[in-house]
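Subject: Structure handover

Hello,

Here is the structure I promised you. Please open it next to this email and follow along; my notes come straight after.

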Amino acid sequence: MTIPDVTSLRAPTAVPQTAVPDASGIAGIPGDAAPRSPDLATAQPVDPAAAALPRQPVAFSPESARVDIPILHRTVNGHPLVWLDNAATTQKPRQVIEALGAFYGAANSNIHRGAHTMAREATEAYEAGRAAVAQFLGAEGPESIVFVRGTTEAINLVAQTWGRANLGPGDDILVPVLEHHSDIVPWQMLAKETRARLVPVPLTPDGQIDQDAYADLLSSRTQLVAISQASNVLGTVPPVKEMTALAHRYGAKVLVDGAQAVAHFPVDVQDLGADFYAFSGHKLFAPTGIGALYARPEVLQEMAPWQGGGNMIESVSFAETTFAPAPHLLEAGTGHISGVIGLLAALNWLTSFDREAVTAYENGLMAYAQQALGAVPGLELIGAAPERIAVLTFTLAGQDPATVAAWLDQDGIAVRAGHHCAQPALAHFGLEEAARASLALYNTSEEVDQLVASLRRLQESGGEGQQTMR
Ligand code: PLP
């Protein structure tokens with residue numbers, strides 16, 4: 001295998017400059033006011049006091065977001081990239097990319113243990129990231145935030161710590177059928193281990209969680225309800241706050257999978273009443289490998305460590321180990337320091353926009369896309385819940401989803417095809433696979449038009465698309 005030349009992946013030099021003010025909040029992690037290629041030798045140490053998320057967001061337009069995303073200015077197969085695979089991962093603003101470069105170029109150090117200046121600065125930046133995540137989620141404080149690799153690891157952490165300690169034979173875990181596999185499989189494994197019962201909550205024909213069935217399934221046996229705040233395959237946004245309040249009446253805890261929610265609308269974990277909330281940075285314009293778990297302070301205090309090692313202890317002897325307070329006792333080993341720096345830059349970038357305006361824009365784009373796609377001959381949209389994020393899962397008569405995705409790719413349009421890690425949700429619609437276009441704040445109606453035009457050409461090719469990928 002040859003290693004690709006990464007210099008060929010450089011963004012084109014003609015990337016437009018942004019009109020969005022610098023919200024990186026970290027000195028030495030350049031925004032607009034800084035040179036585009038930071039002089040890493042003169043980059044300044046992190047100023048955690050400046051890391052609080054912006055309080056006065058600026059007006060939003062998709063163009064003001066697009067100019068910050070270098071990758072959107074590349075071509076794929078000779079066409080400008082149309083990135084409609086945002087539910088899989090989002091593209092990164094230059095503020096995030098530059099933050100990573102500035103950290104490794106000027107501020108790299110391990111955290112929490114060092115006696116020197118750079119260790120202190122890196123620690124302050126890492127903990128500023130925790131405070132920013134707490135603020136972003138409306139959490140009680142930074143101590144409620146555990147850094148993890150992503151949503152999957154957050155859910156597994158809860159299963160392995162809180163779950164193992166609190167579940168036993170005869171207990172129920174309620175999980176709606178629309179969940180991502182990462183909000184099913186860890187509970188299935190835990191149920192097997194503890195001899196608890198995993199209970200699927202059925203869906204209505206249009207892809208909502210059946211609220212009557214949910215109310216019927218709740219009982220004094222229910223220990224945990226695990227729900228997504230937005231479905232990655234149906235787009236459904238369930239009434240999580242009401243479902244949480246109902247679960248609490250039975251004394252059950254509620255874990256909310258926010259992987260698909262956080263990029264689309266503001267979240268307030270205290271208002272939701274969530275006991276746990278999980279998200280992944282990479283679906284929120286931040287790097288891969290970093291995410292966060294929120295746990296309500298009373299619940300977090302009861303959680304035992306799940307991995308042992310450095311960073312999570314107070315003192316160690318062969319006779320006895322004592323642990324650091326939460327959240328550190330759940331973060332064994334060196335954390336993903338640059339990931340947290342990148343996450344902080346991403347949060348600053350996203351919250352620099354008026355988020356209500358972002359949500360309104362995405363809802364409008366979703367409505368436009370639904371109508372435009374719905375008019376493509378043979379195209380069937382999957383899921384029709386009234387409250388949805390901008391996820392459009394579809395089938396096209398006579399074409400298998402992989403062919404559809406490959407055809408679109410020839411036009412530079414990236415969509416996903418397959419089971420979307422939500423096989424039970426697709427099975428509810430009698431499907432094993434489907435294609436999915438998922439939108440973000442930087443997508444435009446022109447890109448939707450290109451998607452629709454390409455799909456129409458595929459249908460007009462009379463199935464030739466199957467044999468002749470252009
Ligand atoms: N939950 C939902 C709703 C998702 O869409 C995803 C990823 O697609 C996950 C969980 C898992 O996220 P990650 O792979 O980043 O851990």
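How much area does the protein chain expose, and what share of it do carbon and sulfur atoms supply? The exposed area is about 19200 Å². Carbon and sulfur atoms supply 54% of that. Please keep in mind that this is a predicted model.

**Overall make-up**

The protein chain has 470 residues, and 54% of them are buried. Its secondary structure comes to 15 helices and 17 strands. Take the contacts in the chain with a separation of 6 or more: residues 24 or more positions apart account for 72% of them.

**The cores**

The largest nonpolar core holds 84 residues. Seven of them touch the most other members: Val 133, Leu 137, Tyr 277, Leu 284, Leu 343, Leu 441 and Tyr 442. Helix H10 (residues 337-351) gives this core its largest share, ten residues. Both domain 1 (126-350) and domain 2 (355-460) contribute, with at least three residues from each.

Another core lies apart from this one. It has 29 residues, including Val 148, Ala 159, Leu 190 and Ala 278.

Now back to Leu 284 in the largest core. Which residues is Leu 284 in contact with, leaving aside its neighbours within four places in sequence? They are Thr 90, Phe 136, Val 262, Ala 263, Phe 279, Leu 343, Ala 346, Leu 347 and Leu 350.

**The ligand**

There are 13 residues around the ligand. Thr 152, Asp 257, Gln 260, Ser 280 and Lys 283 come nearest. Three side chains are worth a look here:

- Thr 152: an N or O atom of its side chain is 2.6 Å from an oxygen atom of the ligand.
- Asp 257: an N or O atom of its side chain is 2.5 Å from a nitrogen atom of the ligand.
- Ser 280: an N or O atom of its side chain is 2.7 Å from an oxygen atom of the ligand.

On its own, the ligand has 400 Å² of accessible area. The protein covers 85% of that.

**Helix H12 and His 79**

Helix H12 spans residues 401-410. Its buried residues are Pro 401, Thr 403, Val 404, Ala 405, Trp 407 and Leu 408. At the start of H12, a side-chain oxygen of Asp 400 reaches to within 3.1 Å of the backbone nitrogen of Ala 402. Just after H12, Gly 412 takes a positive phi of about 80 degrees.

His 79 belongs to strand S2 (residues 79-80). Along the chain, His 79 and Gln 410 are 331 residues apart, yet their C-alpha atoms are separated by 8.2 Å. A polar atom of the His 79 side chain lies 3.5 Å from the backbone oxygen of Gln 410. Not counting residues up to four places away in sequence, His 79 touches Arg 74, Gln 410, Asp 411 and Gly 412. Why does His 79 count as partly exposed? Because its relative accessibility is 31%, which falls between the cut-offs of 20% for buried and 50% for exposed.

**Ala 304 and the cis peptide bond**

Ala 304 sits in the loop between helix H9 (297-301) and strand S11 (313-316). Its relative accessibility is 43%, so Ala 304 counts as partly exposed. Leaving aside neighbours within four places in sequence, Ala 304 is in contact with Thr 161 and Leu 330. The C-alpha atoms of Ala 304 and Ala 326 are separated by 9.3 Å, and the two residues are 22 apart along the chain.

Ala 326 also takes part in a cis peptide bond, with Pro 327 as its partner. Omega there is about 5 degrees. Pro 327 is placed in the loop between strand S12 (321-323) and H10.

**Two positive phi values**

Neither of these residues is a glycine. Arg 195 has a positive phi of about 60 degrees. Its place is in the loop between helix H5 (185-194) and strand S6 (197-201). His 420 has a positive phi of about 55 degrees. Its loop runs between strand S16 (416-418) and helix H13 (423-428).

Which of them is buried and which is exposed? Arg 195 is exposed, with a relative accessible area of 61%. His 420 is buried, at 7%.

Best wishes

Note on methods:
Residues are numbered from 1 along each chain as its sequence is written. This is a predicted model: local features need pLDDT of at least 70, side-chain atom pairs count only at pLDDT 80 or more; totals for chains, interfaces and linings use all residues. Side-chain values use heavy atoms; hydrogens and water are left out. A nonpolar core is a set of buried Ala, Val, Leu, Ile, Met, Phe, Trp, Tyr and Cys residues joined through side-chain atoms within 4.5 Å. Buried means under 20% relative accessible area, exposed over 50%, partly exposed in between (1.4 Å probe, protein chains only). Helices (H or I, at least four residues) and strands (E, at least two) are DSSP runs, numbered from the N terminus. Domain bounds come from an automatic or database domain assignment. Contact means heavy atoms within 4.5 Å. A residue is near a molecule or strand if one of its heavy atoms lies within 4 Å of it. A polar contact is a pair of N or O atoms within 3.5 Å; within protein, one must be able to donate a hydrogen and the other to accept it, and residues adjacent in sequence count only if both atoms are side-chain atoms. Accessible areas come from the Shrake-Rupley method with a 1.4 Å probe; for residues, only the protein chains shown count as cover.
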